[in-house]
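Dear colleague,

I am handing over the structure below, and I would be glad if you could look through it before reading my notes. The notes follow directly after it.

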Amino acid sequence: MEQLAATILVVDDDRDIVAAIAKLLELEGYSVVKAYDGIDALEKLAENDIQLILIDVMMPRMDGLSAIMKIRDKRNIPIIVLSAKSEDTDKILGLSMGADDYITKPYNPMELTARVRSSLRRYMQLGDIGSINKTDVIKIGGLELDKSAKQLTVDGEPVRLTATELKILELLMENAGRVFSAEDIYRRVWNEDAYAVENTVMVHIRHIREKIEIDPKEPRYLKVVWGIGYKIEKIKQTIS
Amino acid sequence: MDTKLKKLSRLFPKPAKVTAFVLACITAGSAIFGAVMTREREWVLQSDDSYGNIETSYIASENYRRQLRDMYEQLCILGVCELAQCDDDMNYIGNKYLQSDFMYYLDYNRYKYKKTDSGFLPVSDMFDYYVSYTRPVGEEAVLDETSTDEETTYQQTVSHTVATEPETLYVTNLPADTINEGMTEKERIEKLKNNSSSYILRDDDVLSSDMTSSGTMLYYDYPTVEDGHLVETGESYPNNFLPMGGWYHDSYGRYVYNFGNIQPIKFYVYPDNSEAGLTARREWVEKRIRADELPDLSNYYVMNDNEFRDDGDGYIQYSGDIFSQPDYEAYQGDTTGLTVFIAPKEGVLEKYAEEYAGILHQYNVIKTFTAVMTVLAVLLIIYLVLAAAVSGLEHEEIGGLLVHIPFEIELIVLFVLIGYILVSCSNSGYGFERKLLEITKSTLPGKILSFIWDCVLAAAGLHIGTHIVRIIFGRKTKQSLCTPKLAGRLSARYRETEFCKSRQRMSVGQKLRRRTKWTIAAAALAFIAIVMLYMFGYSEDIPVAMGIASSVVFIITQVKNIILSRDLSKLERRIEALRQDKPFDEKVSETSDIKADIDMLDTISETVNEAVEERIKSERMKIELVANVSHDLKTPLTSIISYIDLLKKSELDDEAAAYVEILDKKSQKLKSIVADVFSLAKATSGIDVNMEELDLIMLFNQSLADADDKIKQSGKTLKVTVTEDSAPIMGDGAKLYRVFQNIIDNALKYSMEGSRIFLDIHKVGKNIVFTAKNISSYPIDFTADEITERFVRGDKSRTDGGSGLGLSIAKSFTEACGGSFDIELDGDMFKASVSMPLTEKTDTEKEII
């Protein structure tokens with residue numbers, strides 16, 4: 001896996017956490033700039049060439065959300081919120097303020113590095129995204145499905161899917177936001193009458209999730225709508 | 001306009017108005033009083049004065065006629081009932097009961113008479129009288145040509161010898177020197193005639209009089225015989241013979257005596273102790289009366305109208321028209337033997353005529369006085385009405401004693417007053433003045449009282465009348481029964497009363513019970529009325545009054561019930577609104593039966609709302625607290641996890657690595673506990689639940705598929721039974737997923753190695769129920785309640801990754817979604833069940849399918 005060299009700004013009022021994250025990221029090969037509150041972060045951002053920001057929400061002087069708004073006025077770099085607030089509302093608020101991703105504390109270090117990597121990749125390949133403008137390419141967030149080539153990339157990284165998985169994903173991505181029941185999916189993908197197919201479909205969904213999601217338990221794209229069906233979340237192109 | 005009004009109002013200065021009012025009261029009172037007095041005299045006079053001659057006018061007056069008629073009747077009774085049944089020595093030998101009945105009749109009519117051995121002697125200050133009865137000569141003279149032997153037997157109860165000479169018995173109040181025994185009947189009458197100028201004479205069934213007494217002064221209804229039947233006719237002298245005091249006999253063996261100077265009275269007499277009479281009586285009574293009630297009729301002798309009567313005051317009543325019986329026949333008796341002479345005493349006529357003239361004079365004076373007073377009163381009243389009209393236009397407010405009385409009541413009182421005054425002045429004889437005059441016998445105090453009364457009447461009428469005029473002309477708003485202000489005030493005053501309050505305190509049930517009692521009472525009253533009417537033959541008045549009363553009560557209670565039923569549906573809607581926590585804006589009247597209940601519900605609703613708000617607030621605070629606490633826990637935990645991770649990545653010796661591994665595990669567990677505690681706190685508070693329609697079967701399948709890996713790893717077998725194709729419910733999918741996940745996890749974790757786990761979904765009534773059964777791998781030493789308590793695990797010593805909150809979360813989440821969660825323990829069998837209400841829509845859909 002190629003590693004992108006990048007400078008990451010880590011902002012948290014808890015110095016230990018900042019130190020730990022810095023160590024973690026340095027182990028991954030990134031260079032890290034540390035800040036301990038919003039204002040500090042803005043200063044550090046001005047002083048350094050930063051490619052990604054990891055920022056806490058609750059901080060003295062200036063909180064994370066205000067800082068994000070300020071940053072978004074000038075910069076387009078990926079911002080990942082790192083917060084102990086795990087409520088959906090908190091996540092929605094953070095994302096709508098301009099964050100690209102939201103990681104709840106206590107985070108899984110593996111997951112953290114994965115998300116950082118994924119965000120960076122998307123950011124770095126910004127130029128390419130614009131150029132790939134073919135009609136049979138469906139893009140949803142970091143997902144990119146080339147229908148003619150039967151190729152899926154997640155944050156620019158190709159993912160290998162079986163034919164069935166690809167069909168399911170294609171169906172869901174083409175109708176992003178729409179909920180399909182297991183029967184619907186089965187009928188359209190397998191072209192057979194559906195009977196007690198929940199398990200079959202669910203297994204495929206799980207496999208897809210394992211391949212495309214950083215944390216399959218908290219999927220960003222492929223979601224189970226419990227008791228109703230499955231869908232791919234309709235995500236706006238946040239990086240534009 | 002204003003100046004005109006001022007000019008106008010100058011015409012009516014206050015002193016003038018007051019004077020006019022007082023004068024109007026007096027004049028109007030005088031007019032009323034005068035009218036009453038006039039009527040009183042008119043009633044006495046009963047005639048106009050067209051005769052010119054006072055004496056003649058008096059003779060024509062009703063007063064004189066009445067006296068004459070009374071006298072005449074007494075003399076007729078005396079003649080046919082007394083004299084006709086006396087022996088030659090003037091001893092009464094007739095039916096004594098008949099005599100006593102006649103006496104009773106005289107008493108009843110307040111006739112003055114003196115009792116004598118033979119019977120009675122009428123007493124009169126006004127008239128001289130002579131009455132005689134000449135017994136017919138021989139039987140032929142008595143018998144009707146058509147009569148049979150049988151009838152002859154009944155015909156006379158007086159047994160007298162058949163005289164060859166006519167025997168005349170007479171009674172008179174004239175001095176003995178005027179007439180005497182030696183004269184013949186004809187001579188006596190001639191003598192009497194010559195003595196008087198205004199006489200009435202009945203002789204040979206012919207009524208004659210002097211010229212001045214002619215006319216219709218003696219008029220009677222009397223029965224006459226036509227085709228063998230008594231027929232009621234009305235004839236007046238001299239067109240037909242006057243049968244007053246006449247008698248008849250009929251085929252039932254009765255004698256009928258006919259009297260009554262206005263309404264004829266008939267006495268029926270059965271011949272005493274006559275066998276045929278007894279038989280006839282018995283026959284008659286047997287037709288009318290049931291055999292077992294038949295009395296011994298030998299003692300019954302007189303039948304007056306519809307009654308038999310015995311001397312022990314016993315009556316047998318019978319009804320039925322005897323005249324319509326087929327065997328009924330009546331025969332006219334002979335009254336030619338009766339001679340009656342009446343003439344005013346000497347000087348009496350002059351005296352009474354003088355009195356009469358006095359009354360007539362008074363009458364004329366009063367009449368004139370009344371007319372003058374009436375004119376004056378009308379003028380004064382017109383002045384007052386105009387003054388009132390101007391005053392009404394002029395003044396903003398109209399005060400006075402009558403301010404608080406509703407307009408309608410004023411009007412009604414005025415009309416009643418006017419009506420009363422008109423009736424008083426009319427000829428009908430009603431009115432308080434008449435009564436006053438009657439009681440006080442027209443003495444001066446009585447007249448004064450009566451006059452004052454009339455003035456008061458006039459004053460009241462005038463006051464109310466002018467008040468009304470002021471209101472009408474001033475177009476002033478006046479309290480009226482129709483204006484809500486007064487009605488509201490009246491009802492407010494009523495509501496303040498203790499009576500109303502005690503009524504209001506009663507529950508609807510109590511009120512209804514009371515009302516039902518009234519209804520039953522009304523029905524009972526109506527029933528009694530019907531029984532009285534039809535079974536006991538009461539006269540109609542009382543039963544009808546009872547029926548009306550019961551109807552009124554019935555209608556009132558039923559109308560109240562209708563209102564109550566309407567109010568009760570309001571109450572239902574109020575309860576429904578309370579249930580759905582919606583606002584209730586329907587108005588309930590203050591006097592409504594359910595007012596108290598509605599108020600109570602309002603209070604309850606407020607209390608509940610307050611409590612709910614309080615709870616939500618405290619739940620919010622709890623969540624905030626938990627959120628803060630969990631944040632405070634998460635931050636150090638983040639550091640711990642981060643550094644453990646870094647430690648893992650650094651070079652460590654084996655022992656240290658093992659320690660780090662333990663730290664890693666424990667920190668992960670801590671992480672999951674913190675997350676679970678937070679979500680549990682949220683679920684318990686019931687906030688953050690996103691209800692949507694979903695399919696529980698699908699959700700279950702999804703959960704099962706999701707847990708596929710775990711199930712395979714566990715090596716346990718799942719027996720899944722799903723009887724329904726779909727189970728639409730309202731719920732929070734993510735939360736219910738956690739419920740299934742936790743239950744399945746729990747079953748996998750704690751079931752015995754190699755045992756089977758039964759998962760089952762079926763419909764129970766309107767609910768869909770999911771159950772999970774497994775055999776516990778550890779002895780169950782806890783209760784069903786304990787297991788859903790937080791942090792309780794079946795095996796207390798076991799330390800795995802679980803937070804111990806799994807089933808608590810399942811329970812909380814189920815309940816947050818409106819379902820119920822139960823744990824059943826049976827030996828080592830562990831059974832968890834989740835029941836969710838199905839949405840109703842599916843039922844109908846299924847029915848359609």
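**A buried aspartate in chain B**

B:D128 is buried, with a relative accessible area of 16%, which puts this residue below the 20% under which a residue is called buried. Please keep in mind throughout that this is a predicted model. B:D128 lies in strand 3 of chain B, and its side chain is joined to that of B:K345 by a polar contact of 3.2 Å. Leaving aside residues up to four places away in sequence, B:D128 touches B:N173, B:L174, B:F341, B:I342, B:A343, B:P344 and B:K345.

**Strand 16 of chain B and its partners**

Several of those contacts of B:D128, including B:F341, B:I342, B:A343 and B:P344, bring us to strand 16 of chain B, which covers residues 338-344. Seven of the seven residues of this strand are buried, so strand 16 is largely enclosed by the rest of the structure. Both of its faces are covered, with B:L338, B:V340, B:I342 and B:P344 buried on one side and B:T339, B:F341 and B:A343 buried on the other.

Strand 3 (residues 127-135) of chain B runs antiparallel to strand 16 of chain B and is joined to it by seven bridges, and within this pairing B:V131 has B:V340 as its bridge partner. Strand 5 (residues 200-203) of chain B also pairs with strand 16 of chain B in the antiparallel sense, over four bridges, and here B:L201 has B:F341 as its bridge partner.

**The nonpolar cores**

In soluble globular proteins, nonpolar side chains tend to be buried together. In this model the largest nonpolar core has 75 residues, and those with the most contacts inside it are A:L152, A:M173, A:I185, A:I212, B:L736, B:I743 and B:F770. Helix 21 (residues 733-750) of chain B gives the most to this core, with eight residues. A second, separate core of 40 residues includes B:F102, B:V171, B:L338 and B:V340. To return to the largest core, B:L736 touches B:L694, B:L696, B:L699, B:I729, B:G731, B:C817 and B:M836, when residues up to four places away in sequence are not counted.

**A four-stranded sheet in chain A**

Chain A holds an open sheet of four strands in the order 6-7-8-9, with antiparallel pairing. Strand 6 (137-140) and strand 9 (157-159) of chain A stand at the edges, each with a single partner strand, so one side of each has no neighbour in the sheet. On average, and with direction ignored, neighbouring strands of this sheet are turned by 25° against each other. Strand 7 (residues 143-146) and strand 8 (residues 151-154) of chain A run antiparallel and are joined by four bridges, with A:L145 standing opposite A:L152 of strand 8.

**Helix 1 of chain A**

Helix 1 (residues 15-28) of chain A has 14 residues and reaches 20 Å from its first C-alpha to its last, close to the 20 Å expected at 1.5 Å a residue. At its N-terminal end A:D14 acts as a cap, with a side-chain oxygen 3.0 Å from the backbone nitrogen of A:D16, while just after the helix A:G29 takes a positive phi of about 100°.

Which residues of helix 1 of chain A are buried? They are A:I17, A:V18, A:A20, A:I21, A:A22, A:L24 and A:L25. These buried residues pack against strand 1 (7-11), strand 2 (31-35), strand 3 (52-56), strand 4 (79-83) and helix 5 (109-124) of chain A, together with helix 17 (595-649) of chain B.

With best wishes

Methods:
Residues numbered from 1 in each chain as written. Chains lettered and ligands numbered in written order. Predicted model: local features only at pLDDT ≥ 70, side-chain atom pairs only at ≥ 80, totals over all residues. Heavy atoms only, no water. Core = buried A, V, L, I, M, F, W, Y, C linked by side-chain atoms within 4.5 Å. Buried < 20%, exposed > 50% of the residue type's maximum accessible area, 1.4 Å probe, protein only. Helix = DSSP H or I, 4+ residues; strand = E, 2+ residues; numbered from the N terminus. Contact = heavy atoms within 4.5 Å. Pairing = 2+ DSSP bridges. Axes fitted to C-alpha atoms, helices over the stretch in contact; angles between N-to-C directions. Expected span 1.5 Å × (residues − 1). Polar contact = N/O pair within 3.5 Å; in protein donor to acceptor, adjacent residues only side chain to side chain.
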